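Trainee: I keep meeting labels like "buried" or "oblique" and I'd like to know where they come from. Can we go through some together?

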Amino acid sequence: DVVEQGLLNHMDEVAARDGWDKFLPEAVLSVIKVKGHYYAAPVSIHMPTWIWYSKAAFAKAGIAAEPKSMDELFAALDKLKAAGLVPLAHGGQAWQDNIVFAAVLANVGGRDLYLKVLRDRDAKAIQGDAFKNVLLTFKRLQGHVDRGSPGRNWNDATAMLITGKAGVQFMGDWAKGEFSLAGQVAGKDYGCIAGFGANAPYIIQGDVLVFPKTDKPDAIKAQKLLASVVTTPAVQVAFNSKKGSIPIRTDVDASKMDVCAQQGISIMKDKTRHLGNGEIYLTPDQNGALADILTAYWNRNMPVE
């Protein structure tokens, strides 16, 4: 919209000089490149459907190994419940329900079904057994949340993991900011699962900087400098280490980043695992309609059909 209204300067010169096409994932390029021009400098890749778990809660419930499949996750949730803990820490808000749905669609349905449903709006796929199974699995997770779930903020749900009161949360990698603030260390105090199996999709969303329209030479020079600096490897590592996200490029020294970020960067090297989040494939209206029906299905006694 802002591009069509002529409100932005493009960064074509920087993109060409710095070789953005060579290191940016296709899912990112397709968003920042509008009508052949680069209108945004990407600063981070967030993955919204990480599965976080409290090591203390898992130990209390006698869960020895990290779940490697949705079946193993449900078995872990049952053990957490039996130990008197909240199995699934969830904030009952539409966008958070949507995250759980996307995680189930990606991990249970798989890449092809994810694209058929969200990108292609394929009626046959949406009416099929595989998608029905996704929805039933999504609803099954709802049986593992506590009574305080409706309306809860995401960071309050993360706090339940930090204090060991709950076992698992589906949330984007911005949750790491909460863990870090509480002095918790990835891999030691909490675990992170990007997906189940070696081919699990890695869903891409993130943040960008855009550059307001101006014809002042100094301002244009500053905009180009900023676009170039934020995309350099060193700045990418420093910034994303603080934000919880991962760099927009994989040619970085990730040795100082946490184990979850390293896992994400490693997965990003396999292009077959890249998927865009729903906002890449759907209009805002479609996204809103999808969130509405998913939340209704999550919260009410509604048949899967």
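Mentor: Sure, and keep in mind that this is a predicted model. Start with α9 and α16: α9 passes α16 in a right-handed crossing.

Trainee: What makes α9 and α16 oblique to each other?

Mentor: Look at the angle first. The axes of α9 (residues 129-142) and α16 (residues 284-299) cross at roughly 55° and come within 9 Å. Angles under 35 degrees would be roughly parallel, and 65 to 115 would be roughly perpendicular. The angle of roughly 55° fits neither range, so the pair counts as oblique.

Trainee: Okay, salt bridges next. How do you know that Glu13 and Lys224 form one?

Mentor: Check the distance. The cut-off is a Lys or Arg side-chain nitrogen within 4 Å of a carboxyl oxygen of Asp or Glu. Here the N to O distance is 2.8 Å, so the pair passes. A search of the whole structure turns up 10 salt bridges.

Trainee: Why is the Glu13 and Lys224 pair said to tie parts together?

Mentor: Because Glu13 sits in helix α1 and Lys224 in helix α12, 211 residues apart in sequence.

Trainee: Which salt bridge does Asp258 make?

Mentor: One with Lys176, at 3.0 Å from N to O. Asp258 is in the loop between α13 and α14, while Lys176 is in helix α11, 82 residues away.

Trainee: Why is Lys176 called buried, but Asp258 partly exposed?

Mentor: Buried means under 20% relative accessible area, and exposed means over 50%. Lys176 has 4%, so Lys176 is buried. Asp258 has 28%, which falls in between, so the label is partly exposed.

Trainee: Let me try Arg249 and Asp251. Their closest N and O atoms are 2.7 Å apart, a salt bridge. Arg249 has a relative accessible area of 11%, so Arg249 is buried. Asp251 has 46%, so Asp251 is partly exposed.

Mentor: Nicely done! Now, how do you know that Asp1 is exposed?

Trainee: Asp1 has 73% relative accessibility, and the cut-off is over 50%, so Asp1 counts as exposed.

Mentor: Right. Asp1 lies in the segment before α1.

Trainee: One more: what makes the nonpolar surface patch?

Mentor: Leu225, Val229, Val235 and Phe239, with about 310 Å². The elements giving two or more residues to the patch are α12 and α13. Take Phe239, in helix α13: a patch residue needs over 30% relative accessible area, and Phe239 has 35%, so Phe239 clears that bar while still counting as partly exposed.

Note on methods: Residues numbered from 1 in each chain as written. Predicted model: local features only at pLDDT ≥ 70, side-chain atom pairs only at ≥ 80, totals over all residues. Heavy atoms only, no water. Helix = DSSP H or I, 4+ residues; strand = E, 2+ residues; numbered from the N terminus. Buried < 20%, exposed > 50% of the residue type's maximum accessible area, 1.4 Å probe, protein only. Patch = residues over 30% accessible without salt bridge, like charges linked within 9 Å, V, L, I, M, F, W, Y side chains within 5 Å. Areas by Shrake-Rupley, 256 points an atom, 1.4 Å probe, with all protein chains shown as cover. Axes fitted to C-alpha atoms, helices over the stretch in contact; angles between N-to-C directions. Parallel < 35°, antiparallel > 145°, perpendicular 65-115°, else oblique. Left-handed = near helix turned anticlockwise from the far one by under 90°.
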